Amino acid sequence: MKQILTIFLLFVCLHSSAGEIIVNEQGNIHEALRQAREWRRTNDPRCEGGITIRIEGRHYMQEPLFLRPEDSGTSSSPTTIKGGTLYGDQRQQHTQIWPQKGMERMIAFDTEKRTITIPTPPESILSQLTIPEQSSPTRSLSHHSPLEMVVHQRWAIAILRVKEMKVEGYHTIVSFMEPESRLEFEHPWPQPVIGGEKGNSSFLLRTTEQRDGIEQLVIVDGANYVTFQGITFENTCWNRPLHKGHITLQGGFPLIDAYKLKEKEGLPWDAGLENQAWIERPVSAVTVRNASQVNFSGCLFRNLAATALDYERIDGGTIEHCTFEDIGGTAIMAGSFAESPREVHRPYTDLAEQCQRLLIKSNTVHNATNEDWGAVAISLGYVRDCVIADNTVSDVNYSGICIGWGWTPHDTGMRNNHIINNKVSDYACQLYDAGGIYTLSNQPGSSIKDNDISQPYPAPYATNDRGFCIYLDARTDGFTIENNKTEGRLIRRDEIGDNHPGPNLIFKQ
């Protein structure tokens, strides 16, 4: 009797018919994928015309759903995974200790002593966080309250785990844990600004719930012709800052090593280069790499603590009619950003071909970058033949749509990238040196056309006014810029931000 009942339950939880596998709320998604893989291995007739894995209900992902080369479909027999909700853990919770709202301006930033000087918090705040040492102004952090300092750094933030606080009257000198202390004070860009056009950089102190949680829901590695349709991806954590802090170069990319060139600045491809940096890729809830024709249609990504959807290496794919809301980092990321072991500032020529023919169309991104303010809504690095069209972006803390990497005028293979008919509003809400549309490096045959971009948000703690509807940052070249609007009028050439642009930009009014 028990054997009959077990067989019956398995049938209910994981039911297959011609070309379709149904996984109800008690079923196992990993086993469903294995069943589809076996059909393909044995050339089962049910593969004809494609396989659909239909998910019903909500499924907690204790480990990511991992699609490998053996899970590939074909152009005539694709694999479609549709419906249902895949979820992990609720993200870590932060409690802002001081100030209770907003940020405070720092007083000093000392690269030699590796300290930040801040106004001394009220004793009522200090007593919650520290235990005073006898006959010493130094305050040891209490064990039950791990403390972080979040630092505003113009186009990025730093999350620094506090090691020690030394109270000296109205000033308090703060030191930090490793490795973030070394990275924060050795790398020259970005760092906090002291004496900026609009004042010093700002900070806040907070505690964070100390626990690791599920960070990844799906990994597609080497599987081709796969479509995710109508799936909700929700609830993931971001564990990195709990263990290493978080010091970024730009765009949410954590530094793993970095320093300033102290003797004979410059390298053969850039005589003015003063910094060396190696980065790693932020963790993502859904990752696609080493694949082709992997598509997302009508999916919902929400309450994800770091990157939502990341295409590392792809040849052909579509992200269309998806919604991204309440995203801690970047909503859509694609292409190489010269992650370690490569040094990030070299003009690489082999990376753009690793991410090509990607269409990002008719998606909505709202309230992204709410954990890492320096991330962006849509971020493409070394890519070619990619189109970003008809998307709506709103409420992000840095730039809206970014494309390009490398800070170089050299030909790197980036080309034929098009940003067309997007609507971007309420961007640069916290950080400046930003653009509603932001570009880097030489990208021949590319265009920025017919976009509607609001003026940048008046970021309350910015240290300068470098926010633009369109920002052509370091060595941007090869774009035709045409018929872009702000507040119901065409954007003038003299309103577009420039940082050493190349000679082959075409601006049409």
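# Notebook: loops, pockets and one helix

I began with Pro99, which I found in the loop between β8 and β9 (104-105). The model I am reading is a predicted one, and I kept that in mind for each entry below.

**Entry: cis peptide bonds.** I checked the bond before Pro99 and noted that a cis peptide bond joins Trp98 to Pro99, with omega at about -15°. I then turned to Pro190, whose place is the loop between α4 (180-186) and β17, and there I noted a cis peptide bond between Trp189 and Pro190, with an omega of about -5°.

**Entry: the largest pocket.** Trp189 came up again when I looked up the largest pocket, since Trp189, Trp407, Asp473, Ala474 and Asn499 are the lining residues nearest its centre. I recorded 26 residues in that lining and about 750 Å³ of space in the pocket. Sorting the lining by class, I wrote down twelve nonpolar, eight polar and six charged residues.

**Entry: Trp407.** Because Trp407 is named among the residues nearest the centre of the largest pocket, I looked at its backbone as well. Its phi is near 55°, a positive value in a residue that is not glycine. I placed Trp407 in the loop between β37 (401-403) and β38 (418-420), and I entered it as buried, at 17% relative accessibility.

**Entry: Tyr225, another positive phi.** Where does Tyr225 lie? I found Tyr225 in the loop between β18 (218-221) and β19 (226-229). Its phi is near 55°, which is positive in a residue other than glycine. I had to settle its exposure from the value itself: Tyr225 has a relative accessibility of 31%, and buried is kept for values under 20% while exposed is kept for those over 50%, so Tyr225 counts as partly exposed.

**Entry: the second largest pocket.** I noted about 300 Å³ of space in the second largest pocket. Its lining has 15 residues, and those closest to the centre are Gln96, Leu204, Arg206, Asn370 and Trp373. When I asked which elements give two or more residues to this lining, I got β8 (94-98) and β17 (202-208). Of the elements, β8 gives the most, with three residues. By class I wrote down six nonpolar, six polar and three charged residues for this lining.

**Entry: helix α2.** I next followed α2, which runs over residues 29-41 and has 13 residues. From its first C-alpha to its last, α2 reaches 18 Å, close to the 18 Å expected at 1.5 Å a residue. Which residues of α2 are buried? I listed Ile29, Ala32, Leu33, Ala36, Arg37, Trp39 and Arg40. Looking down the axis of α2, I noted that these buried residues fall within an arc of 155°, so they line one face of the helix. As a reminder to myself, an α-helix has 3.6 residues a turn, so residues three or four places apart point the same way. On the other side of α2, I found Arg34 and Arg41 exposed.

I also looked at what lies at each end of this helix. At the N-terminal end, Asn28 caps α2, with a side-chain oxygen 2.9 Å from the backbone nitrogen of His30. Just after α2, Asn43 takes a positive phi of about 55°.

**Entry: Thr130.** I located Thr130 in strand β12, which covers residues 130-132. Thr130 is buried, with a relative accessible area of 5%. What does its side chain reach? A polar atom of the Thr130 side chain lies 2.8 Å from the backbone oxygen of Leu126, and a polar contact of 3.1 Å joins the side chains of Thr130 and Arg139.

**Entry: two residue pairs.** For the last entry I compared separation in sequence with separation in space, C-alpha to C-alpha. I placed Leu300 in strand β27 (residues 300-304), and I entered Leu300 as buried, at 19% relative accessibility; the cut-off for buried is under 20%. Leu300 and Lys449 are 149 residues apart in sequence and 27 Å apart in space. I placed Tyr259 in strand β22 (residues 255-260), and noted that Tyr259 is partly exposed, with a relative accessible area of 33%. Tyr259 and Arg289 are 30 residues apart in sequence and 30 Å apart in space.

Notes. Residues are numbered from 1 along each chain as its sequence is written. This is a predicted model: local features need pLDDT of at least 70, side-chain atom pairs count only at pLDDT 80 or more; totals for chains, interfaces and linings use all residues. Side-chain values use heavy atoms; hydrogens and water are left out. On a 1 Å grid over the protein atoms alone, a cavity is a set of points where a 1.4 Å probe fits but cannot get out, and a pocket is an open set with protein on both sides within 12 Å along at least five of seven lines; lining residues have an atom within 4 Å of a point. Grid points are joined across faces, edges and corners, and a volume is the space filled by probe spheres set on the points. Ala, Val, Leu, Ile, Met, Phe, Trp, Tyr, Cys and Pro count as nonpolar, Asp, Glu, Lys and Arg as charged, and the others, Gly among them, as polar. Helices (H or I, at least four residues) and strands (E, at least two) are DSSP runs, numbered from the N terminus. The expected span of a helix is 1.5 Å times one less than its number of residues. Buried means under 20% relative accessible area, exposed over 50%, partly exposed in between (1.4 Å probe, protein chains only). The arc is that of the directions from the helix axis to the C-beta atoms. A polar contact is a pair of N or O atoms within 3.5 Å; within protein, one must be able to donate a hydrogen and the other to accept it, and residues adjacent in sequence count only if both atoms are side-chain atoms.
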